Amino acid sequence: MKFSESLKKNKDFKNVYNKGKSYANSLFVMYIFPNGTEQNRIGVSISKKVGNSVVRHRLKRQIIECYRMSEESFQCGYDIVVIVRKGAQGSSYSRIESALFHLGKLHKIVSARQAQADTDIDII
RNA sequence: UAAGUAAGACAGGCAAUCGCGGCUGCAGGCGCCGAAAGGCAGCAGACGAGGAAAGUCCGGGCUUCACAGGGCAGGAUGCCGGAUAACGUCCGGUGGAGGUGACUCCAAGGCCAGUGCAACAGAAAUAAACCGCCCGGGCAGAUGGAUGGGGAUGCAGCGUCCCGUUCUUUGCUGUAUCCCCAUCCAUCUGCCCGGGUAAGGGUGGAAAGGCAGUGUAAGAGACUACCGCCUUCCUGGUAACAGGGAGGGCACAUGUAAACCCCAUCCGAAGCAAGACCAAAGAGAGGCAAUGUGGCUGCCCGUCACGUCUCAGGUAGGUCGCUCGAGCACGUCGGUAACGGCGUGCCUAGACAGAUGAUUGUCCAACGACAGAACCCGGCUUAUCGUCUUACUUAACAC
(Lines give C-alpha, C1' and ligand atoms only; values in the text may rest on other atoms or scores of the structure.)
Protein backbone atom coordinates (compact mmCIF):
# COMPACT_ATOMS: atom_id res chain seq x y z
CA MET A 1 0.00 0.00 0.00
CA LYS A 2 1.30 3.37 -0.95
CA PHE A 3 0.45 5.50 2.07
CA SER A 4 -0.06 2.89 4.75
CA GLU A 5 1.28 -0.08 6.61
CA SER A 6 -0.28 -2.51 9.03
CA LEU A 7 -0.39 -2.14 12.77
CA LYS A 8 1.33 -5.08 14.40
CA LYS A 9 2.45 -4.74 17.98
CA ASN A 10 0.11 -5.40 20.84
CA LYS A 11 1.57 -2.28 22.46
CA ASP A 12 0.43 -0.15 19.51
CA PHE A 13 -3.08 -1.55 19.70
CA LYS A 14 -3.29 -0.77 23.41
CA ASN A 15 -2.02 2.74 22.81
CA VAL A 16 -4.83 3.39 20.34
CA TYR A 17 -7.46 1.87 22.59
CA ASN A 18 -6.41 3.94 25.61
CA LYS A 19 -5.79 7.31 23.98
CA GLY A 20 -7.81 7.28 20.77
CA LYS A 21 -11.35 8.30 19.95
CA SER A 22 -13.95 5.75 18.92
CA TYR A 23 -17.15 5.58 16.92
CA ALA A 24 -19.24 2.53 16.21
CA ASN A 25 -22.02 1.19 14.05
CA SER A 26 -23.65 -2.21 13.86
CA LEU A 27 -20.73 -3.86 12.03
CA PHE A 28 -17.57 -2.24 13.39
CA VAL A 29 -16.00 -0.15 16.11
CA MET A 30 -13.29 2.24 14.83
CA TYR A 31 -10.57 3.75 17.03
CA ILE A 32 -8.25 6.44 15.67
CA PHE A 33 -5.23 8.18 17.19
CA PRO A 34 -2.75 10.55 15.51
CA ASN A 35 0.61 8.80 15.20
CA GLY A 36 2.70 11.85 14.22
CA THR A 37 3.93 10.43 10.91
CA GLU A 38 3.13 10.91 7.24
CA GLN A 39 1.41 7.52 7.03
CA ASN A 40 -1.67 5.74 8.26
CA ARG A 41 -1.31 2.45 10.11
CA ILE A 42 -4.36 0.21 10.08
CA GLY A 43 -5.07 -2.76 12.32
CA VAL A 44 -8.03 -5.14 12.38
CA SER A 45 -9.18 -7.03 15.46
CA ILE A 46 -11.73 -9.82 15.26
CA SER A 47 -12.95 -11.78 18.25
CA LYS A 48 -13.37 -15.53 18.19
CA LYS A 49 -17.04 -14.91 18.91
CA VAL A 50 -17.49 -13.71 15.33
CA GLY A 51 -16.79 -17.06 13.74
CA ASN A 52 -14.22 -19.66 12.98
CA SER A 53 -10.82 -19.05 11.47
CA VAL A 54 -12.07 -18.95 7.90
CA VAL A 55 -14.79 -16.41 8.65
CA ARG A 56 -12.46 -14.12 10.62
CA HIS A 57 -9.72 -14.26 8.05
CA ARG A 58 -12.08 -13.49 5.21
CA LEU A 59 -13.53 -10.47 7.03
CA LYS A 60 -10.06 -9.14 7.70
CA ARG A 61 -9.05 -9.48 4.08
CA GLN A 62 -12.20 -7.75 2.90
CA ILE A 63 -11.65 -4.83 5.28
CA ILE A 64 -8.02 -4.38 4.26
CA GLU A 65 -8.98 -4.65 0.62
CA CYS A 66 -11.73 -2.10 1.06
CA TYR A 67 -9.33 0.34 2.72
CA ARG A 68 -6.72 -0.27 0.03
CA MET A 69 -9.12 0.38 -2.85
CA SER A 70 -9.93 3.85 -1.58
CA GLU A 71 -6.78 4.65 0.34
CA GLU A 72 -6.44 8.10 -1.16
CA SER A 73 -9.77 9.15 0.37
CA PHE A 74 -8.42 8.87 3.92
CA GLN A 75 -6.40 11.61 5.57
CA CYS A 76 -2.91 10.59 6.58
CA GLY A 77 -1.18 10.53 9.97
CA TYR A 78 -3.44 8.25 12.00
CA ASP A 79 -3.34 4.83 13.65
CA ILE A 80 -6.67 3.19 12.85
CA VAL A 81 -8.01 0.08 14.61
CA VAL A 82 -11.14 -1.58 13.34
CA ILE A 83 -12.86 -4.00 15.71
CA VAL A 84 -15.32 -6.32 14.04
CA ARG A 85 -18.56 -6.95 15.87
CA LYS A 86 -20.58 -10.11 15.77
CA GLY A 87 -23.17 -8.57 13.43
CA ALA A 88 -20.63 -8.44 10.60
CA GLN A 89 -20.74 -12.20 10.18
CA GLY A 90 -21.65 -13.07 6.62
CA SER A 91 -21.74 -9.45 5.35
CA SER A 92 -21.17 -8.70 1.69
CA TYR A 93 -18.26 -6.63 0.47
CA SER A 94 -20.46 -3.66 -0.46
CA ARG A 95 -21.97 -3.53 2.99
CA ILE A 96 -18.52 -3.64 4.63
CA GLU A 97 -17.39 -0.83 2.35
CA SER A 98 -20.31 1.43 3.20
CA ALA A 99 -19.96 0.74 6.93
CA LEU A 100 -16.27 1.56 6.84
CA PHE A 101 -16.86 4.92 5.10
CA HIS A 102 -19.66 5.72 7.50
CA LEU A 103 -17.22 5.48 10.42
CA GLY A 104 -14.56 7.37 8.48
CA LYS A 105 -16.99 10.19 8.00
CA LEU A 106 -17.83 10.31 11.69
CA HIS A 107 -14.12 10.58 12.46
CA LYS A 108 -13.81 13.32 9.81
CA ILE A 109 -10.84 11.62 8.21
CA VAL A 110 -12.59 10.78 4.95
CA SER A 111 -12.67 13.58 2.40
CA ALA A 112 -16.01 15.32 1.97
CA ARG A 113 -16.42 14.29 -1.63
CA GLN A 114 -16.08 10.61 -0.83
CA ALA A 115 -18.24 10.91 2.24
CA GLN A 116 -20.96 12.56 0.23
CA ALA A 117 -20.95 9.65 -2.18
CA ASP A 118 -21.33 7.17 0.62
CA THR A 119 -24.35 8.71 2.27
CA ASP A 120 -26.38 7.23 -0.54
CA ILE A 121 -25.89 3.79 0.95
CA ASP A 122 -27.93 2.93 3.97
CA ILE A 123 -26.25 1.87 7.16
CA ILE A 124 -28.30 -0.59 9.14
C1' U B 1 -34.77 -50.58 -13.49
C1' A B 2 -35.07 -50.26 -8.09
C1' A B 3 -32.91 -51.05 -3.33
C1' G B 4 -28.27 -51.87 -1.29
C1' U B 5 -22.79 -53.34 -0.15
C1' A B 6 -17.59 -52.20 -0.84
C1' A B 7 -13.52 -49.33 -2.88
C1' G B 8 -11.96 -44.82 -5.07
C1' A B 9 -11.75 -39.72 -7.54
C1' C B 10 -13.32 -34.41 -7.45
C1' A B 11 -14.29 -30.27 -3.85
C1' G B 12 -16.94 -24.96 -8.96
C1' G B 13 -14.21 -23.95 -14.02
C1' C B 14 -12.28 -20.05 -17.52
C1' A B 15 -10.80 -14.87 -18.84
C1' A B 16 -9.56 -9.64 -17.62
C1' U B 17 -8.10 -5.62 -14.07
C1' C B 18 -6.29 -4.05 -9.18
C1' G B 19 -3.88 -6.08 -4.71
C1' C B 20 -0.90 -9.82 -1.15
C1' G B 21 3.34 -13.75 0.15
C1' G B 22 7.99 -15.83 -0.14
C1' C B 23 11.31 -17.64 -4.31
C1' U B 24 14.46 -17.09 -8.80
C1' G B 25 16.93 -13.75 -12.21
C1' C B 26 18.81 -8.67 -13.26
C1' A B 27 22.93 -8.63 -8.96
C1' G B 28 28.34 -8.14 -8.08
C1' G B 29 29.84 -3.73 -5.74
C1' C B 30 24.92 0.98 -6.08
C1' G B 31 20.46 3.80 -3.08
C1' C B 32 17.90 3.98 1.98
C1' C B 33 17.52 2.26 7.46
C1' G B 34 20.64 0.24 11.50
C1' A B 35 26.10 0.63 16.31
C1' A B 36 26.26 -4.23 14.41
C1' A B 37 23.95 -8.57 12.95
C1' G B 38 21.09 -7.71 9.16
C1' G B 39 16.93 -5.63 6.70
C1' C B 40 14.15 -2.54 2.98
C1' A B 41 13.12 -0.48 -1.82
C1' G B 42 12.88 -1.36 -8.30
C1' C B 43 11.74 -4.50 -12.77
C1' A B 44 10.60 -9.36 -14.87
C1' G B 45 9.10 -14.51 -14.31
C1' A B 46 6.84 -18.91 -12.71
C1' C B 47 4.59 -20.59 -8.08
C1' G B 48 1.24 -20.01 -3.73
C1' A B 49 -3.87 -24.07 1.69
C1' G B 50 -7.06 -29.21 2.80
C1' G B 51 -9.50 -33.93 2.38
C1' A B 52 -10.10 -33.23 6.47
C1' A B 53 -5.18 -27.98 6.85
C1' A B 54 -9.74 -29.27 12.34
C1' G B 55 -9.89 -32.11 17.29
C1' U B 56 -4.74 -32.55 19.49
C1' C B 57 -6.39 -38.74 20.61
C1' C B 58 -2.02 -42.24 19.47
C1' G B 59 2.94 -43.32 17.01
C1' G B 60 7.71 -41.70 14.92
C1' G B 61 11.58 -38.26 13.13
C1' C B 62 14.14 -33.84 14.93
C1' U B 63 16.00 -30.72 19.30
C1' U B 64 17.59 -29.82 24.40
C1' C B 65 18.14 -31.95 29.20
C1' A B 66 18.83 -36.55 32.07
C1' C B 67 20.96 -41.50 31.93
C1' A B 68 26.54 -47.67 34.85
C1' G B 69 23.16 -51.63 35.95
C1' G B 70 18.75 -53.44 38.40
C1' G B 71 14.08 -52.88 40.95
C1' C B 72 9.49 -50.38 42.70
C1' A B 73 5.67 -47.05 41.45
C1' G B 74 2.81 -45.10 37.24
C1' G B 75 0.82 -45.37 32.21
C1' A B 76 -0.53 -47.93 27.67
C1' U B 77 -1.69 -52.30 24.93
C1' G B 78 -4.17 -57.38 25.13
C1' C B 79 -6.99 -63.93 19.72
C1' C B 80 -2.85 -65.42 15.91
C1' G B 81 0.62 -64.29 11.95
C1' G B 82 2.61 -60.47 9.01
C1' A B 83 3.65 -55.08 7.31
C1' U B 84 6.17 -50.76 9.23
C1' A B 85 10.74 -45.98 11.53
C1' A B 86 6.78 -46.85 14.99
C1' C B 87 1.72 -47.31 16.55
C1' G B 88 -3.80 -48.03 20.04
C1' U B 89 -2.62 -48.02 12.56
C1' C B 90 -2.87 -51.28 8.25
C1' C B 91 -3.14 -56.32 5.78
C1' G B 92 -4.29 -61.57 6.00
C1' G B 93 -6.40 -65.33 9.04
C1' U B 94 -9.08 -67.78 13.66
C1' G B 95 -13.31 -67.54 16.94
C1' G B 96 -17.99 -65.07 18.04
C1' A B 97 -22.40 -61.78 16.66
C1' G B 98 -25.69 -59.65 12.75
C1' G B 99 -27.68 -59.71 7.60
C1' U B 100 -31.67 -63.52 2.29
C1' G B 101 -27.04 -61.73 0.26
C1' A B 102 -22.81 -58.57 -1.36
C1' C B 103 -20.79 -57.70 3.35
C1' U B 104 -20.40 -55.50 8.26
C1' C B 105 -19.21 -55.35 13.57
C1' C B 106 -16.09 -57.20 18.26
C1' A B 107 -10.81 -53.85 24.50
C1' A B 108 -11.69 -61.24 21.74
C1' G B 109 -5.73 -62.88 27.89
C1' G B 110 -6.94 -64.67 33.11
C1' C B 111 -12.60 -64.56 37.96
C1' C B 112 -10.50 -73.80 39.09
C1' A B 113 -4.09 -66.86 42.55
C1' G B 114 -6.58 -63.88 45.94
C1' U B 115 -10.00 -59.81 47.50
C1' G B 116 -14.50 -57.15 46.51
C1' C B 117 -19.54 -56.20 44.54
C1' A B 118 -24.37 -58.33 42.96
C1' A B 119 -30.17 -53.30 44.03
C1' C B 120 -35.24 -55.39 43.77
C1' A B 121 -37.49 -59.99 43.81
C1' G B 122 -36.93 -64.74 45.95
C1' A B 123 -37.20 -69.80 51.12
C1' A B 124 -32.16 -69.41 49.73
C1' A B 125 -27.09 -65.32 46.05
C1' U B 126 -22.22 -68.73 46.68
C1' A B 127 -24.72 -70.87 49.58
C1' A B 128 -29.79 -73.20 50.49
C1' A B 129 -35.14 -77.62 52.29
C1' C B 130 -40.05 -72.36 51.69
C1' C B 131 -43.84 -75.12 49.17
C1' G B 132 -43.84 -79.93 47.15
C1' C B 133 -42.46 -85.51 46.88
C1' C B 134 -40.98 -89.91 49.87
C1' C B 135 -39.74 -92.93 54.44
C1' G B 136 -40.11 -93.78 59.81
C1' G B 137 -42.38 -92.58 64.60
C1' G B 138 -46.33 -90.32 67.73
C1' C B 139 -51.38 -88.33 68.47
C1' A B 140 -56.52 -87.75 66.79
C1' G B 141 -60.44 -89.26 63.55
C1' A B 142 -62.96 -92.45 59.79
C1' U B 143 -63.65 -97.28 57.37
C1' G B 144 -62.75 -102.51 57.18
C1' G B 145 -60.95 -107.10 59.32
C1' A B 146 -59.23 -110.40 63.38
C1' U B 147 -59.12 -111.76 68.63
C1' G B 148 -60.95 -111.28 73.58
C1' G B 149 -64.61 -109.62 77.20
C1' G B 150 -69.57 -107.95 78.48
C1' G B 151 -74.81 -107.28 77.45
C1' A B 152 -79.55 -108.28 74.84
C1' U B 153 -82.58 -111.64 72.02
C1' G B 154 -83.64 -116.36 69.61
C1' C B 155 -82.78 -121.70 69.52
C1' A B 156 -80.94 -126.37 71.66
C1' G B 157 -79.31 -129.35 75.85
C1' C B 158 -78.95 -130.14 81.18
C1' G B 159 -80.32 -128.75 86.04
C1' U B 160 -83.84 -126.12 89.32
C1' C B 161 -88.76 -123.79 91.04
C1' C B 162 -94.06 -123.88 90.41
C1' C B 163 -97.36 -127.32 88.72
C1' G B 164 -99.12 -132.23 87.54
C1' U B 165 -104.82 -130.03 82.55
C1' U B 166 -103.36 -125.26 81.17
C1' C B 167 -100.12 -121.44 82.78
C1' U B 168 -94.91 -120.95 84.01
C1' U B 169 -89.56 -119.19 87.46
C1' U B 170 -84.45 -119.28 87.32
C1' G B 171 -79.25 -120.97 86.52
C1' C B 172 -75.38 -123.13 83.56
C1' U B 173 -73.36 -124.66 78.83
C1' G B 174 -73.22 -124.44 73.50
C1' U B 175 -74.52 -121.87 69.10
C1' A B 176 -76.45 -117.73 65.81
C1' U B 177 -77.48 -112.50 65.21
C1' C B 178 -77.06 -107.50 67.00
C1' C B 179 -74.83 -103.76 70.28
C1' C B 180 -70.82 -101.92 73.47
C1' C B 181 -65.66 -101.99 75.15
C1' A B 182 -60.41 -103.26 74.67
C1' U B 183 -56.18 -104.82 71.75
C1' C B 184 -53.88 -105.68 67.03
C1' C B 185 -53.55 -105.13 61.65
C1' A B 186 -54.53 -102.54 56.91
C1' U B 187 -56.05 -98.12 54.20
C1' C B 188 -57.20 -92.93 54.14
C1' U B 189 -57.28 -87.82 56.28
C1' G B 190 -55.21 -83.98 59.55
C1' C B 191 -51.35 -82.24 62.95
C1' C B 192 -46.44 -82.81 65.22
C1' C B 193 -41.36 -84.85 65.34
C1' G B 194 -37.04 -87.11 62.90
C1' G B 195 -34.88 -88.17 58.27
C1' G B 196 -34.26 -88.68 52.71
C1' U B 197 -34.75 -85.86 48.19
C1' A B 198 -32.50 -80.34 44.15
C1' A B 199 -37.23 -84.08 39.59
C1' G B 200 -41.39 -80.01 39.97
C1' G B 201 -43.06 -74.56 41.79
C1' G B 202 -42.24 -69.34 41.58
C1' U B 203 -38.15 -64.96 41.80
C1' G B 204 -33.93 -63.40 39.29
C1' G B 205 -29.04 -61.49 34.57
C1' A B 206 -27.44 -65.89 37.33
C1' A B 207 -30.50 -71.34 41.53
C1' A B 208 -25.35 -76.07 41.40
C1' G B 209 -24.07 -79.08 33.32
C1' G B 210 -28.58 -79.50 29.28
C1' C B 211 -32.11 -82.97 27.39
C1' A B 212 -34.27 -87.93 27.04
C1' G B 213 -34.39 -92.69 29.28
C1' U B 214 -33.13 -96.40 33.13
C1' G B 215 -33.54 -96.50 38.10
C1' U B 216 -35.67 -95.39 42.98
C1' A B 217 -39.61 -95.10 48.81
C1' A B 218 -39.15 -90.39 46.43
C1' G B 219 -35.11 -88.68 43.92
C1' A B 220 -30.26 -87.62 42.20
C1' G B 221 -24.34 -88.18 36.63
C1' A B 222 -26.48 -93.00 40.76
C1' C B 223 -26.29 -95.31 35.57
C1' U B 224 -26.82 -94.88 29.86
C1' A B 225 -27.14 -92.27 24.73
C1' C B 226 -26.41 -87.35 22.43
C1' C B 227 -24.57 -82.35 23.29
C1' G B 228 -21.47 -79.22 26.60
C1' C B 229 -17.13 -79.05 30.12
C1' C B 230 -12.24 -80.87 31.91
C1' U B 231 -7.74 -84.05 31.13
C1' U B 232 -4.86 -86.45 27.60
C1' C B 233 -3.35 -88.34 22.78
C1' C B 234 -3.34 -88.26 17.30
C1' U B 235 -3.85 -85.57 12.55
C1' G B 236 -3.71 -80.73 9.76
C1' G B 237 -1.90 -75.68 10.35
C1' U B 238 4.12 -71.11 11.55
C1' A B 239 0.10 -69.94 15.03
C1' A B 240 -4.78 -68.55 16.84
C1' C B 241 -7.52 -72.86 16.00
C1' A B 242 -10.07 -76.98 13.51
C1' G B 243 -11.21 -82.35 13.07
C1' G B 244 -10.97 -87.10 15.47
C1' G B 245 -9.93 -90.95 19.49
C1' A B 246 -9.66 -92.28 24.69
C1' G B 247 -10.66 -91.15 29.68
C1' G B 248 -13.05 -88.31 33.87
C1' G B 249 -18.31 -88.84 35.15
C1' C B 250 -18.78 -82.81 36.43
C1' A B 251 -15.33 -81.77 42.01
C1' C B 252 -13.66 -75.83 41.71
C1' A B 253 -19.14 -75.20 40.52
C1' U B 254 -23.10 -67.98 38.81
C1' G B 255 -21.99 -63.08 36.78
C1' U B 256 -18.65 -58.98 36.88
C1' A B 257 -11.62 -57.81 35.29
C1' A B 258 -14.80 -50.80 30.80
C1' A B 259 -13.94 -53.70 39.95
C1' C B 260 -9.12 -54.01 42.54
C1' C B 261 -5.94 -57.35 40.71
C1' C B 262 -2.77 -61.39 38.10
C1' C B 263 0.00 -62.53 33.57
C1' A B 264 2.63 -60.98 28.98
C1' U B 265 4.72 -56.95 26.00
C1' C B 266 6.15 -51.78 25.55
C1' C B 267 7.24 -46.83 27.66
C1' G B 268 13.25 -41.39 30.48
C1' A B 269 11.20 -35.99 30.37
C1' A B 270 9.76 -31.73 27.78
C1' G B 271 8.50 -29.74 23.24
C1' C B 272 9.99 -25.52 17.17
C1' A B 273 7.48 -20.19 22.17
C1' A B 274 12.21 -27.07 21.07
C1' G B 275 16.85 -25.37 20.11
C1' A B 276 21.54 -23.12 17.50
C1' C B 277 24.13 -18.64 16.05
C1' C B 278 24.96 -13.05 15.80
C1' A B 279 24.19 -9.24 19.11
C1' A B 280 22.63 -2.82 21.19
C1' A B 281 21.56 -1.17 26.18
C1' G B 282 21.92 -2.09 31.42
C1' A B 283 24.33 -4.70 35.36
C1' G B 284 29.45 -7.91 36.22
C1' A B 285 35.05 -9.14 36.13
C1' G B 286 39.96 -7.65 34.63
C1' G B 287 43.60 -4.32 32.29
C1' C B 288 45.02 0.70 30.84
C1' A B 289 44.79 5.95 31.27
C1' A B 290 43.94 9.89 34.75
C1' U B 291 44.51 11.80 40.21
C1' G B 292 40.68 15.14 36.93
C1' U B 293 35.23 16.79 36.93
C1' G B 294 30.45 16.77 39.52
C1' G B 295 27.02 15.53 43.94
C1' C B 296 26.60 15.04 49.56
C1' U B 297 29.10 20.22 51.21
C1' G B 298 31.07 26.55 52.05
C1' C B 299 36.25 23.93 53.45
C1' C B 300 39.08 19.14 54.94
C1' C B 301 38.46 13.81 55.24
C1' G B 302 35.35 10.12 53.37
C1' U B 303 32.07 8.25 49.80
C1' C B 304 29.25 7.86 45.08
C1' A B 305 28.95 8.69 39.72
C1' C B 306 31.51 9.80 35.07
C1' G B 307 36.66 7.43 30.27
C1' U B 308 38.57 3.55 27.16
C1' C B 309 39.94 -1.64 25.89
C1' U B 310 39.23 -6.91 26.66
C1' C B 311 36.41 -11.04 28.60
C1' A B 312 32.38 -14.05 29.91
C1' G B 313 27.11 -13.65 29.77
C1' G B 314 23.28 -13.32 26.89
C1' U B 315 18.10 -9.01 27.19
C1' A B 316 15.71 -5.79 23.03
C1' G B 317 16.47 -6.91 18.00
C1' G B 318 18.08 -10.16 13.95
C1' U B 319 19.41 -14.83 11.35
C1' C B 320 18.99 -20.04 11.14
C1' G B 321 15.86 -24.23 12.44
C1' C B 322 12.02 -24.04 7.68
C1' U B 323 10.98 -27.50 4.09
C1' C B 324 14.50 -32.75 -0.63
C1' G B 325 11.04 -35.67 2.39
C1' A B 326 10.03 -42.85 5.99
C1' G B 327 8.52 -37.11 -0.84
C1' C B 328 5.41 -37.47 -5.46
C1' A B 329 4.26 -39.70 -10.45
C1' C B 330 4.94 -43.66 -13.93
C1' G B 331 6.88 -48.46 -15.16
C1' U B 332 8.58 -53.18 -13.60
C1' C B 333 9.63 -57.34 -10.18
C1' G B 334 8.36 -60.11 -5.39
C1' G B 335 4.07 -60.82 -2.14
C1' U B 336 -3.17 -63.17 -1.52
C1' A B 337 -2.52 -58.26 0.69
C1' A B 338 -0.62 -54.34 3.83
C1' C B 339 4.05 -53.39 1.80
C1' G B 340 8.96 -53.84 -0.15
C1' G B 341 13.09 -53.89 -4.12
C1' C B 342 14.79 -51.68 -8.74
C1' G B 343 14.62 -48.06 -12.85
C1' U B 344 13.16 -43.31 -15.01
C1' G B 345 11.27 -38.51 -14.32
C1' C B 346 9.77 -34.30 -11.11
C1' C B 347 10.50 -30.25 -7.10
C1' U B 348 5.07 -29.08 -5.39
C1' A B 349 3.41 -22.76 0.14
C1' G B 350 7.04 -21.74 3.95
C1' A B 351 4.53 -16.93 6.79
C1' C B 352 6.02 -14.99 12.12
C1' A B 353 -0.12 -10.24 13.87
C1' G B 354 0.82 -14.52 10.04
C1' A B 355 0.08 -14.29 2.39
C1' U B 356 -5.56 -16.45 -1.89
C1' G B 357 -9.39 -10.94 -1.70
C1' A B 358 -12.50 -7.48 -4.68
C1' U B 359 -14.95 -6.14 -9.26
C1' U B 360 -16.67 -7.51 -14.17
C1' G B 361 -17.90 -11.11 -17.96
C1' U B 362 -18.99 -16.13 -19.06
C1' C B 363 -20.05 -21.61 -18.41
C1' C B 364 -22.25 -25.65 -15.23
C1' A B 365 -25.67 -30.79 -12.83
C1' A B 366 -27.04 -22.98 -11.07
C1' C B 367 -25.42 -19.43 -5.97
C1' G B 368 -21.02 -24.24 -4.61
C1' A B 369 -20.92 -27.83 2.10
C1' C B 370 -17.34 -28.52 6.08
C1' A B 371 -13.60 -25.48 6.65
C1' G B 372 -7.27 -21.88 6.57
C1' A B 373 -0.83 -24.72 6.54
C1' A B 374 2.43 -22.67 11.29
C1' C B 375 8.71 -27.98 12.51
C1' C B 376 7.73 -32.45 9.49
C1' C B 377 5.64 -37.25 8.60
C1' G B 378 2.26 -42.15 9.57
C1' G B 379 -2.64 -42.97 11.50
C1' C B 380 -7.30 -42.40 14.32
C1' U B 381 -11.68 -39.51 15.35
C1' U B 382 -15.08 -35.75 14.18
C1' A B 383 -17.52 -32.06 10.32
C1' U B 384 -19.22 -32.05 5.18
C1' C B 385 -23.30 -29.26 -0.33
C1' G B 386 -23.09 -32.43 -3.84
C1' U B 387 -21.08 -34.96 -8.53
C1' C B 388 -18.79 -39.09 -10.83
C1' U B 389 -16.29 -44.05 -11.62
C1' U B 390 -15.55 -49.35 -10.77
C1' A B 391 -16.81 -54.15 -8.73
C1' C B 392 -20.48 -57.01 -6.39
C1' U B 393 -25.48 -58.56 -3.99
C1' U B 394 -30.89 -58.98 -3.80
C1' A B 395 -35.70 -58.38 -6.22
C1' A B 396 -38.75 -57.65 -10.61
C1' C B 397 -39.17 -57.65 -15.99
C1' A B 398 -37.33 -59.22 -20.83
C1' C B 399 -34.45 -62.80 -23.73
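## A walk through chain A

Start by selecting strand E4, residues 40-46. Five of its seven residues are buried, so E4 is largely enclosed by the rest of the structure. Keep in mind throughout that you are looking at a predicted model.

**Stop 1: the neighbour of E4.** Keep E4 selected and add strand E5, residues 78-84. These two strands pair in the parallel sense, over six bridges. Want to see some pairs up close? Click on Arg-41, and you'll find its bridge partner in E5, Asp-79. Then click on Gly-43, whose partner in E5 is Val-81. Is E5 itself mostly covered or uncovered? It is mostly covered, with six of its seven residues buried.

**Stop 2: the other partner of E5.** Now add strand E3, residues 28-34. In which sense do E3 and E5 pair? Antiparallel, over seven bridges. Try Tyr-31 here: it stands opposite Val-81 in E5. You've met Val-81 already, as the bridge partner of Gly-43.

**Stop 3: helix H2.** Next, select residues 53-69, which make up H2. The helix has 17 residues, which means a span of 24 Å is expected at 1.5 Å a residue, and its end C-alpha atoms are indeed 24 Å apart. Which residues of H2 are buried? Colour Leu-59, Gln-62, Ile-63, Cys-66 and Tyr-67. Now turn the view until you look straight down the axis of H2: the buried residues fall within an arc of 130°, so they line one face of the helix. Here's a handy bit of background: an α-helix has 3.6 residues a turn, so residues three or four places apart point the same way.

**Stop 4: helix H3.** Select residues 93-106 for H3, a helix of 14 residues. From its first C-alpha to its last it reaches 20 Å, close to the 20 Å expected at 1.5 Å a residue. The buried residues on H3 are Ile-96, Ser-98, Ala-99, Leu-100, Phe-101, Leu-103 and Gly-104. Go a little past the helix and you come to Lys-108, which follows H3 and has a positive phi, near 60°.

**Stop 5: the nonpolar cores.** Time to look inside. The largest nonpolar core has 24 residues, and those with the most contacts inside it are Phe-28, Met-30, Ile-80 and Val-84. Which elements give two or more residues to this core? They are E3, E4, H2, E5 and H3, so to speak the cast of the tour. H3 provides the largest share, five residues.

Zoom in on Met-30 and show what surrounds it. Beyond its neighbours within four places in sequence, Met-30 is in contact with Lys-21, Ser-22, Tyr-23, Ile-80, Val-81, Val-82, Leu-100, Leu-103, Gly-104 and His-107. Apart from the largest core lies another one, of five residues, and among them are Phe-13, Val-29, Tyr-31 and Val-81.

**Last stop: the whole chain.** Clear your selection and zoom out. Chain A has four helices and five strands, and from the N terminus on they run β-α-β-β-β-α-β-α-α. Of its 124 residues, 41% count as buried. Switch on the surface too: the accessible area is about 7,300 Å², and 49% of that belongs to carbon and sulfur atoms. Finally, of the contacts in chain A with a separation of 6 or more, 80% are between residues 24 or more positions apart.

Definitions and conventions: Residues numbered from 1 in each chain as written. Chains lettered and ligands numbered in written order. Predicted model: local features only at pLDDT ≥ 70, side-chain atom pairs only at ≥ 80, totals over all residues. Heavy atoms only, no water. Buried < 20%, exposed > 50% of the residue type's maximum accessible area, 1.4 Å probe, protein only. Contact = heavy atoms within 4.5 Å. Areas by Shrake-Rupley, 256 points an atom, 1.4 Å probe, with all protein chains shown as cover. Pairing = 2+ DSSP bridges. Expected span 1.5 Å × (residues − 1). Core = buried A, V, L, I, M, F, W, Y, C linked by side-chain atoms within 4.5 Å. Arc of directions from axis to C-beta.
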